[in-house]
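Below are my notes on the model you sent, set out as numbered points. They begin with the fold of one chain and then turn to the side where the two chains meet.

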Amino acid sequence: MSALEIRSLACSRGDSRLFRDVSFTLPPGEWIAVRGPNGSGKTTLLRCVAGLTRPDAGIVIWGGKPTSEAGTQFRSAMLYAGHAPGIKDELTAAENLRNALALRGAAPSDEALRESLGSVGLAKIRNLAARRLSAGQRRRIGMARLALDAAALWILDEPLTALDADGESMFAGLLERHLRRGGSALIATHHAIGSLQAKEVRLAS
Amino acid sequence: MSGFAWAFGRDLRLAWRHPGETLMVVAFFVLVASLFPLGVGAEPQTLRRIGSGVIWVCALLAAFLSLSSLFAADYADGSLEQMTLSPHPMVGWATGKIAAHWAATGLPLTILSPLLAMQYGLDAATLGTLAFGLALGTPLLSLLGAACSALTLGARGGGVLLALLALPLFVPVLIFGAGAADAQASGLSPSPHLSLLGAGLIVGAMGLPPAVCAALRIALD
């Protein structure tokens, strides 16, 4: 397992500077909560780390190498989930899950798919078109994906949005298991996640 | 599974689940191509003269119709981010999406074209040349259209902008495609036109996917 290191990252949107000189290290087995008021750049920070947005300055280092150089290696080890869950309305919950995993090179058996959808409470509606699912149920497809993916680093943007209390504790369980296995996570959230201790990165408005 | 196979399979499955778009493209093609004989008059000489050009313009406009949704739906629901952050190289899945777009629009148009062209009284050899020209030209339309569609992604008024960008780029394809059928109809060899179309397709297939990727990166930034 590799460590994620952020060195003096800076990003602006148009004329307004969102953040600058953000540095932290995320070792395996730990998670960092990115906090800050609305509009402080939490999503942008996560997108910069994931490699979607180009930062104005600073570098992201994974396993000792800048991610701009070891792109494929970093992307296979990293799982990003943004505001939009990437779920296709026309496909069923099971197909969406299978597609999302296949994109990352995993080919789980039908049995494993059924089991993981069952464990997030979607067993009965796994063959329903996703357009009929609620926002929380879509989030739960995302949780089933987290459970099946072997990524070492999770980058999650507000993963608790639209989840009920049961879903929140389920997510805390998933995160705990991930950290115990030596995984790490960078999570933008306003909530506490279970009783898991986290380092914090605070962004000022 | 490669990125190409993943995107190709997924987009074809989506097109199959949601056939409205393909059907709309095909219906547009059939309707517009059938309106011309009604408007121009049923004089065989005139129809034979304009036939291949009309079919080509109709196919081009029909292919254009479906372009706006090529990347926009994936952009809106977050799939595009997931594909960009997958371990697969971007060129692979972007090409897969373009290939699926062609299979869902360009291919049905190509298959239908000889049937529609029969309304214009074109002879068998010209029908064949027309279909062959479309088989070479419609993938190129999908490639050019994908680049324009990626460039206008996220822009306000993207639809009009897309028309302004894409339609002028389609002009050479139209000229050589319709030119091949015209040459055949007037007893000349269509091969110069077809060779140029084929060369265009090869250059497009090599050069345009990286351009699409660059445009998608800008849209996601």
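**Notes on chain B and its contact with chain A**

1. In this model, which is predicted, the secondary structure of chain B comes to 9 helices and 0 strands. Read from the N terminus on, the elements of chain B accordingly run α-α-α-α-α-α-α-α-α.

2. On overall dimensions, chain B has a radius of gyration of 18 Å, which is close to the 17 Å that the globule rule gives for 221 residues, so chain B is as compact as a globular protein of that length. Taken along the principal axes, the box that the C-alpha atoms of chain B fill is roughly 55 × 30 × 30 Å.

3. On the interior of the chain, buried residues make up 49% of the 221 residues in chain B. Of the contacts in chain B with a separation of 6 or more, 80% are between residues 24 or more positions apart.

4. Turning to the partner chain, 18 residues of chain B are in contact with 23 residues of chain A, where contact refers to C-beta atoms, placed from the backbone, that lie within 7 Å. On the side of chain B that touches chain A, α1 (3–17) and α5 (79–84) of chain B each supply at least two residues, and α5(B) gives the most, with 5 residues.

5. As for the chemical character of that side, the residues of chain B that touch chain A divide by class into 7 nonpolar, 6 polar and 5 charged.

Definitions and conventions:
Residues numbered from 1 in each chain as written. Chains lettered and ligands numbered in written order. Predicted model: local features only at pLDDT ≥ 70, side-chain atom pairs only at ≥ 80, totals over all residues. Contact = placed C-beta atoms within 7 Å. Helix = DSSP H or I, 4+ residues; strand = E, 2+ residues; numbered from the N terminus. Nonpolar A, V, L, I, M, F, W, Y, C, P; charged D, E, K, R; others polar. Rg over C-alpha atoms; globule rule 2.2 N^0.38 Å. Buried ≥ 20, exposed ≤ 12 C-beta atoms within 10 Å, placed from the backbone.
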